[in-house]
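Reader: I would like a close look at one helix and its surroundings. Please take me through that part, then widen the view to the rest of the fold.

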Amino acid sequence: MKILFENALVLRDAFSQPIATNVLIENGKISKIGNFVDEEIDERYDFSGKLIMPGLVNSHTHAAMTLMRGLAEDMYLEDWLFKKIFPIEERLSQEDVYYGTMLAQMEMARKGITAYVDMYFHCDAVAQAAVDFGMKALITRGLVDNGGPNTDNGRLNQNVKYFERWNGKNGLILVGFGPHAPYSCSLEYIDQIGKVAHALKAKITIHLYESKKENYSLSELLKTSISECDVIFAHCVHVKEHEIDLLARQNFFVAHNPTSNLKLANGIAPIHKMLNRKVQICLGTDGAASNNTLDIWHEMRLATLLQKMEDPTNITIQQALAMATIVGARASGLTTGTIEIGADADLIVLDIEKPWYLPHKNLMAHLVHSLNSTDVFGTMIKGKWVYLNGVYPTIDESEILRKFTEVMKRLTDT
């Protein structure tokens, strides 16, 4: 299968400038970039007035929480979580999680996200939704214990079974491990998780210093075996100054979630300080219950503006775009975050024939500060369209919406 994109502007990565060129995709991968003659084309697209760029990565979310969007508003984190969210989650079935995840993927694809990092439960349903949709996902089971190994009601063993069933499936799925947070997991349990993940060469994601009330030691946490793993630390709003350097390792990433952090009154993460000390920063939306959108473009601009509050040089355009693409790609292990020969064709097409993209002299700035996420014309993953000009080619949109509505009626009427 050969697909040719002609007459587009192409942004190959966050540190390049857009160039007018063509892109050829063969069997799901980018095979040529440039002006070339190739008459054996199965699909040809004239993308005049369009910009092709790497797909975005949502580096921290709980996809099925679309089921709770708007149901817990104007609350502090502890009340939001324990009084509203947990009681609903206790009633969720595999089917509920499947349709909540499918709706999330529809939103993410519509907004240019080609890969996401998820922490939740009923992970068979999450993985099946990703495969059915054609979305790339790093799926982790949320893990908590009651004070040590073998007190987690079998969650870690369940996570291992998810790994055995789904890791590598269709080139779309990676399965990692999701210890919820240092306040909900004992150090002994986190150490056990780290040993299992390291043996399987699997990634870990964990909430860290999300709220002011979290009182533990990162240095003590890193004495466990998770320090040997690839880890995505979500939030890091209240990381202590002397601990920032502990995060500046090649196998560590920080997933910054500015909207959720502000909405739950948790504060602003010191991203500028982390960048200055070589911490690898990517972006997440958190779940739709605490955001309420799954829009990485919005997170990118908000993250930038918050850090510029005292100094406009604190985050550059290139750094912002890298957080949303190449760093998130590296953190997730799912994609490259670049348009390059040999890479999976995980890309998006933007309609830049809009007033807010003019003048075209500095399109990179417009991507961060002017773009509307609904300017996404198409989203492609491994050479297949998952969204194109108002249509979701891989799913029955009306059926998904119907089933989601049925689930919501049951959850909110009881």
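Author: Helix H3 covers residues 123-133, and eight of its 11 residues are buried, so H3 is largely enclosed by the rest of the structure. The model is a predicted one. Which residues of H3 are buried? They are Cys 123, Ala 125, Val 126, Ala 127, Ala 129, Ala 130, Val 131 and Phe 133. In general terms, nonpolar side chains tend to be buried together in soluble globular proteins.

What do the buried residues of H3 pack against? The partners are both helices and strands. The helices are H2 and H4, the latter spanning 155-166. The strands are S7, S8, S9 (173-179) and S16 (384-388). Just after H3 comes Gly 134, with a positive phi of about 95°.

Several of these partners turn up again elsewhere. Take S7 and S8. Strand S7 (113-120) and strand S8 (136-143) each give two or more residues to the lining of the largest pocket, as does helix H1 (77-89). That pocket holds about 700 Å³ of space. It is lined by 28 residues, and those closest to its centre are Phe 86, Glu 89, Phe 121, Val 144 and His 180. H1 supplies the largest share of the lining, seven residues. By class, the lining has 14 nonpolar residues, with seven polar and seven charged ones.

Next, H2. The largest nonpolar core has 131 residues. Helix H2, residues 94-110, gives the most to this core: nine residues. Which members of the core touch the most other members? Phe 233, Trp 297, Leu 350 and Leu 367 do. Trp 297 deserves a closer look. Beyond its neighbours within four places in sequence, Trp 297 is in contact with Leu 350 and Leu 367. Its other contacts of this kind are Met 53, Leu 56, Lys 111, Ile 348, Leu 371, Ser 373 and Val 376. There is also a second, separate core of 19 residues. Ala 8, Ile 30, Ile 52 and Phe 377 are among its members.

Phe 377 leads on to the aromatic residues. One aromatic cluster joins Phe 377 with Phe 5, Tyr 45, Phe 47 and Trp 385. Across the whole structure there are 14 aromatic pairs. Phe 5 and Tyr 45 make one of them, in an edge-to-face arrangement. The ring centres are 5.7 Å apart, with 70° between the planes. The angle is over 60 degrees, so the pair counts as edge-to-face. Phe 5 sits in strand S1 (residues 2-10) and Tyr 45 in strand S4 (residues 43-46). The two residues are 40 residues apart, so this pair links distant parts of the chain. Are these two residues buried or exposed? Phe 5 is buried, at 0% relative accessibility. Tyr 45 has a relative accessible area of 17% and is buried because the cut-off is under 20%.

A buried serine comes next. Ser 59 is part of strand S6, residues 56-61. Its relative accessible area is 0%, so Ser 59 is buried. What does Ser 59 touch? Leaving out residues up to four places away in sequence, it touches Val 117, Ile 232, Ala 255, Cys 282, Leu 283, Gly 284 and Gly 328.

Now the backbone in the loops. Start with the loop between H4, a packing partner of H3, and S9. Asn 170 is in that loop. Asn 170 is not a glycine, yet has a positive phi of about 55°. With a relative accessible area of 48%, Asn 170 is partly exposed. Lys 278 also takes a positive phi, near 70°, and is a residue other than glycine. Lys 278 lies in the loop between helix H8 (271-276) and S13. At 67% relative accessibility, Lys 278 is exposed, because the cut-off is over 50%.

Cis peptide bonds are the last topic. The bond from Asn 291 to Asn 292 is cis, with omega near 25°. Asn 292 is placed in the loop between strand S13 (281-283) and helix H9 (296-307). The bond from Leu 358 to Pro 359 is cis too, with omega near -5°. Pro 359 belongs to the loop between strand S14 (347-351) and helix H12 (363-369).

Terms used:
Residues are numbered from 1 along each chain as its sequence is written. This is a predicted model: local features need pLDDT of at least 70, side-chain atom pairs count only at pLDDT 80 or more; totals for chains, interfaces and linings use all residues. Side-chain values use heavy atoms; hydrogens and water are left out. On a 1 Å grid over the protein atoms alone, a cavity is a set of points where a 1.4 Å probe fits but cannot get out, and a pocket is an open set with protein on both sides within 12 Å along at least five of seven lines; lining residues have an atom within 4 Å of a point. Grid points are joined across faces, edges and corners, and a volume is the space filled by probe spheres set on the points. Helices (H or I, at least four residues) and strands (E, at least two) are DSSP runs, numbered from the N terminus. Ala, Val, Leu, Ile, Met, Phe, Trp, Tyr, Cys and Pro count as nonpolar, Asp, Glu, Lys and Arg as charged, and the others, Gly among them, as polar. A nonpolar core is a set of buried Ala, Val, Leu, Ile, Met, Phe, Trp, Tyr and Cys residues joined through side-chain atoms within 4.5 Å. Buried means under 20% relative accessible area, exposed over 50%, partly exposed in between (1.4 Å probe, protein chains only). Contact means heavy atoms within 4.5 Å. Rings of Phe, Tyr and Trp (its six-membered ring) pair if their centres lie within 6.5 Å; planes under 30 degrees apart count as stacked, over 60 as edge-to-face and the rest as tilted.
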